[in-house]
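Reader: Hey, can you walk me through this one? I'd like to start with the charges.

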Amino acid sequence: MGSAYPTIAADAFARFQRLQGRNVVFVTGTDEHGEKIATAAAAKGRKPKEHCDLIANEYASLWKDLNISYDKFIRTTDEAHERAVEQFYKRVYDKGDIYCANYEGLYCVNCEEYKDAKDLIEEQCCPIHRKPCVERKEKNYFFALSKYQSRLEELLSTRPDFVRPPFRMNEVLGWVKEGLHDFSISREAVEWGIPVPTDKKQTIYVWFDALLGYISALLDGKEVTPENAAASGWPASVHIIGKDILRFHAVYWPAMLWSAGFAIPETVFGHGFLTKDGLKMGKSLGNTIEPQELVSRFGVDSVRYFFLNEMEFGRDGDYSEERFITIVNAHLANTIGNLLNRTLGLLKKNCASTIPVDSESIPEENPVRVFAEAAVALAKRRYSELHFSSACEALLSLANTGNAYLEERAPWTGFKQKGTPAAEAAAKDLAVILESVRILSVALSPVVPDLCRRMWLQLGYQDEHFNQISWDDTRWGGLKAGQLVATPSPVFPKIEAEVADSSLAKAAV
């Protein structure tokens with residue numbers, strides 16, 4: 001789930017930007033070279049490429065299960081990517097920013113990184129992986145990161161949004177202020193990697209290789225030049241990455257790009273880690289979260305909504321199954337789903353499942369209409385800032401407002417007075433609620449696209465119409481008089497406790 005969580009967030013952001021009418025290229029993929037991969041493959045009795053093929057297929061399958069709408073899936077073992085790395089290396093080499101030297105230090109295999117002793121915990125263990133670092137001494141090729149000290153300082157001082165959230169920027173500023181040191185970009189003892197073009201006895205450091213995937217994914221085999229990259233959509237608007245790899249993206253990567261003559265990304269967003277029931281997750285503790293299992297038990301809408309709504313993106317977040325079920329039932333089943341279902345039921349009983357008036361005719365001062373416009377404006381701002389939990393909160397408030405309006409207006413009492421202004425007002429009240437749900441089905445679609453599609457269909461629209469929606473469809477006035485809605489059917493069945501317990505028992509068996 002640690003890999004799935006940021007990918008769900010990236011997908012929500014991509015879907016939101018598409019609703020804005022922007023041309024979006026959403027890149028994900030697998031980083032497949034390095035000692036860590038070779039060791040994992042050997043432990044399984046596989047060759048590295050065979051191992052990577054299996055893992056890449058598992059990720060592709062998982063992204064399908066989670067409804068991830070990526071445009072490019074880059075594998076760093078792709079031939080086109082390997083050629084791109086060789087070309088990029090040559091550009092940096094020709095700039096004079098690569099040199100050969102001996103290196104001796106403490107190395108974390110899992111991080112694929114040399115560590116400073118001051119950054120380690122007891123017994124020279126990596127603070128992230130909690131495993132001892134090993135002493136290494138070998139001839140390496142180095143990238144002259146120190147040459148870019150002043151330029152990085154200028155970047156961070158003049159572009160405060162280059163690293164987000166702000167507290168992550170503070171971390172990066174601290175690293176740069178300590179003084180930048182040249183870093184090794186090759187390995188002498190690692191065979192599983194791309195050979196250094198100028199020295200076939202060495203392989204290119206996994207991070208110098210992997211970072212270029214953002215660009216090689218766009219180029220589709222074209223030569224690695226700043227011009228070709230720019231024509232293909234570079235620079236990226238945002239990199240969404242884990243806080244543990246922030247240094248590579250916010251310090252190493254900009255310097256590498258400058259050296260090769262490329263533009264740098266607009267923003268690097270470092271997200272937090274997940275814990276489970278307040279504890280750090282780990283296979284040794286047996287408390288990992290498997291996203292396929294969650295999707296199988298509770299559905300993709302539940303998984304996407306919980307992690308985007310409950311976690312403040314950028315900070316660490318905790319998962320507990322009890323809270324998962326409570327939140328999903330309260331928000332999706334009881335608040336949103338029930339609002340739509342009960343309103344459609346009233347419409348079927350009293351208006352032959354037909355929208356009675358144009359929603360545009362509802363007075364501008366109607367409280368639901370006023371609230372809907374404000375909620376949509378806030379959600380738009382929050383989405384654009386990658387504040388998904390705040391966007392969800394704004395849109396859930398719209399559903400809560402609809403439920404409160406329905407209770408206050410009690411249209412079921414007005415319908416009892418057939419042929420009177422009270423009955424006419426009751427019919428308009430249903431149009432008010434259904435218009436707010438229509439808006440909600442558009443605005444919440446970056447988070448729960450499947451659920452929103454079902455809501456859209458319940459309102460009487462066709463499936464192909466949902467594929468063409470844009471953020472403009474969040475404007476009040478979409479429902480038209482005479483539109484026939486679907487027969488009421490719950491769009492989000494409540495998760496029953498006994499079902500959850502039964503699934504857990506099966507998983508335990």
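Author: Sure. For the charge count, Lys and Arg are taken as positive and Asp and Glu as negative, with His and the chain ends left out. Keep in mind that this is a predicted model.

Reader: OK, so how many positive and negative side chains does the protein have?

Author: There are 59 positive and 69 negative ones, and the centres of the two sets sit 2 Å apart.

Reader: And how many helices and strands are there?

Author: The protein has 20 helices and 15 strands. Its C-alpha trace spans about 90 × 55 × 40 Å along the principal axes, and 51% of the 509 residues count as buried.

Reader: At what angle do α12 and α18 pack?

Author: About 120°, with the axes 8 Å apart. Helix α12 covers residues 300-310 and helix α18 covers residues 449-458. On the α12 side, Val-300, Asp-301 and Arg-304 make the contact, and α18 brings Pro-449, Asp-450, Leu-451 and Arg-454.

Reader: How do those contact residues divide by type?

Author: Three are nonpolar, none is polar and four are charged.

Reader: Switching topic: which residues does Asp-65 touch?

Author: Leaving aside residues up to four places away in sequence, Asp-65 touches Gln-292, Val-295 and Val-300. Asp-65 itself lies in helix α3, residues 48-65.

Reader: How many residues apart in sequence are Asp-65 and Gln-292?

Author: 227, yet their C-alpha atoms are 7.3 Å apart in space.

Reader: Why does Asp-65 count as partly exposed?

Author: Because its relative accessibility is 34%, and partly exposed runs between the 20% and 50% cut-offs.

How values were computed:
Residues numbered from 1 in each chain as written. Predicted model: local features only at pLDDT ≥ 70, side-chain atom pairs only at ≥ 80, totals over all residues. Heavy atoms only, no water. Helix = DSSP H or I, 4+ residues; strand = E, 2+ residues; numbered from the N terminus. Buried < 20%, exposed > 50% of the residue type's maximum accessible area, 1.4 Å probe, protein only. Charge placed at Lys NZ, Arg CZ, Asp CG, Glu CD. Axes fitted to C-alpha atoms, helices over the stretch in contact; angles between N-to-C directions. Contact = heavy atoms within 4.5 Å. Nonpolar A, V, L, I, M, F, W, Y, C, P; charged D, E, K, R; others polar.
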